[in-house]
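This report looks at how charged side chains and paired strands are arranged in one protein model. Please look over the sequence and the structure first, and then follow the text through the sheets and the salt bridges.

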Amino acid sequence: GDADSVLASDPNGELRLYLPLRSSNQLVGSSLNGTAYAGANVDPLNQQIDEYVIHQLDTNGIEVLTPNEHDNLSNWGTNLLTTTATPDTSNYNTTLGNYSLYYDTITVLEAGPPVDPGTPGGGTAGGGAGSAGGNAGAGTGGGPGGTVDPGTGGGGDTTPPTVTVPLPGGGTIEVAAGPDGELPLFITLPDGTVGFSPGTLAPNAP
């Protein structure tokens, strides 16, 4: 999908997208029931608020949790014969838009229920900042290796090192990093814009 792609349900219905893996999701820029979809989350990243999954694996490929939040379209045969779409689960979330994603398997940093990236403190455990925005230079949540109680934010290193990051327009910014030097997921630039960094921040990162 791209910016010209429109996926929509009945106006009073639900848009449910079933995919085996996050890497199967190629809908960046598409319109999902009127929401401009920013693109799929990437592994490894803890389960997000718009995702329902059957299996959670750790970064070694070991299953750490089996949420079994949907039936993997086990009723597809009936749907095909009757030309109807019968939901296989009651799990559906409209926090980020009127759509939900149903994956078979995702890779997470820590096992656990979904986190809302838009909720302050709803960080990705061990993965980055606990909140979008935060202090000038870094999000306010925990860094890599921290633990998270959903909704309470990350518990990263209390004395994280800093990384000097070059800015696209010149100059640099000091960003608090985790013990291994990994940068947080969200940073606030000096001009007030929020940058998004999936693992590493490059000079030309959005």
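Two strands are said to pair if DSSP finds at least two bridges between them. The model described here is predicted, and this rule for pairing underlies the account of its sheets that follows.

**Two open sheets**

One open sheet holds four strands in the order β2-β7-β5-β6, and its pairing is mixed. Its edge strands are β2 and β6 (63-65), each of which pairs on one side only. On average, and with direction ignored, neighbouring strands of this sheet are turned by 25° against each other.

Within this sheet, β5 pairs with β6 in the antiparallel sense over two bridges, and Leu57 stands opposite Glu63 in β6. The hairpin formed by β5 and β6 has five residues between the strands, and in this hairpin Gly61 takes a positive phi near 80°. With strand β7 (residues 100-107), β5 pairs in the parallel sense over six bridges. Two positions illustrate this pairing: Val53 has Tyr103 in β7 as its bridge partner, while His55 stands opposite Thr105 in β7. Strand β5 is also mostly covered, since six of its seven residues are buried.

Another open sheet consists of three strands in the order β1-β3-β4, again with mixed pairing. Here the edge strands are β1 (6-7) and β4, each pairing on one side only. Strands β1 and β3 pair in the parallel sense over two bridges, and the bridge partner of Val6 in β3 is Ser31.

**Salt bridges**

Side chains of opposite charge can pair when their charged atoms come close. Counting a salt bridge where a side-chain nitrogen of Lys or Arg lies within 4 Å of a carboxyl oxygen of Asp or Glu, the model has three salt bridges, listed here with their N to O distances.

| Salt bridge | N to O distance |
|---|---|
| Glu14 and Arg16 | 2.6 Å |
| Arg22 and Asp43 | 2.7 Å |
| Arg22 and Glu51 | 2.8 Å |

How are the partners in these pairs placed with respect to the surface? In the salt bridge of Glu14 and Arg16, Glu14 counts as partly exposed at 40% relative accessibility, whereas Arg16 is buried, with a relative accessible area of 16%.

The side chains of Arg22 and Asp43 also meet in a salt bridge. Because Arg22 lies in the loop between β2 (16-19) and β3 (31-32), and Asp43 in the loop between β4 (35-36) and β5 (51-57), this pair ties together parts that are 21 residues apart in sequence. Arg22 counts as buried at 2% relative accessibility, while Asp43, at 35% relative accessibility, counts as partly exposed.

Arg22 forms a salt bridge with Glu51 as well. Since Arg22 lies in the loop between β2 and β3 and Glu51 in strand β5, the pair ties together parts that are 29 residues apart in sequence. Both Arg22 and Glu51 are buried. Through salt bridges that share partners, Arg22, Asp43 and Glu51 are joined into one network.

**Reading the two views together**

Strand β5 links both parts of this account: β5 pairs with β7 in the parallel sense and with β6 in the antiparallel sense, and Glu51, which lies in strand β5, belongs to the network with Arg22 and Asp43.

Key. Residues are numbered from 1 along each chain as its sequence is written. This is a predicted model: local features need pLDDT of at least 70, side-chain atom pairs count only at pLDDT 80 or more; totals for chains, interfaces and linings use all residues. Side-chain values use heavy atoms; hydrogens and water are left out. Buried means under 20% relative accessible area, exposed over 50%, partly exposed in between (1.4 Å probe, protein chains only). Axes are lines fitted to C-alpha atoms, for helices over the stretch in contact, and angles run from 0 to 180 degrees between N-to-C directions.
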